[in-house]
Amino acid sequence: MECTDCGRPGRPEALPDGLCRPCRAAHTGSDQATPDPTEVAAVKARMADLRDLLKAP
């Protein structure tokens, strides 16, 4: 397994959410914008549609 951000190798339990500790710390900074709830809902709806398309008929 490796960090999805920097590619640093690590054991799965050391990469929660796919990020190593330094990248996780960088991503939890207060400079991140809060996602718009309508955008979050749109992404979830789109993903649900894509999952439905992948199901075998």
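**Close-up views of a predicted model**

**View 1. Asp 52 is partly exposed, with a relative accessible area of 46%.** The model shown here is predicted. Asp 52 falls short of the exposed class because that class needs over 50%. Its side chain forms a salt bridge with Lys 55. The closest N and O atoms of this pair are 3.5 Å apart. That counts as a salt bridge because the cut-off is within 4 Å. Lys 55 has a relative accessibility of 56%, so this residue counts as exposed.

**View 2. Arg 11 and Glu 13 join their side chains in a salt bridge.** The N to O distance is 2.4 Å. Both ends of the pair can be found at the surface. Arg 11 is exposed, with a relative accessible area of 58%. Glu 13 is exposed too, at 54%. Why can such side chains pair? Opposite charges can pair when the charged atoms come close. How many salt bridges does a search of the whole structure find? The search finds two.

**View 3. Four residues make a nonpolar surface patch.** They are Val 43, Met 47, Leu 50 and Leu 53. The patch covers about 360 Å². Where does Met 47 lie? Met 47 sits in helix H2, which spans residues 37–54.

**View 4. Met 47 is partly exposed.** Its relative accessibility is 35%. Met 47 can belong to a patch because patch residues need over 30%. Met 47 is not in the exposed class, because that class starts over 50%.

Methods. Residues numbered from 1 in each chain as written. Predicted model: local features only at pLDDT ≥ 70, side-chain atom pairs only at ≥ 80, totals over all residues. Heavy atoms only, no water. Patch = residues over 30% accessible without salt bridge, like charges linked within 9 Å, V, L, I, M, F, W, Y side chains within 5 Å. Areas by Shrake-Rupley, 256 points an atom, 1.4 Å probe, with all protein chains shown as cover. Helix = DSSP H or I, 4+ residues; strand = E, 2+ residues; numbered from the N terminus. Buried < 20%, exposed > 50% of the residue type's maximum accessible area, 1.4 Å probe, protein only.
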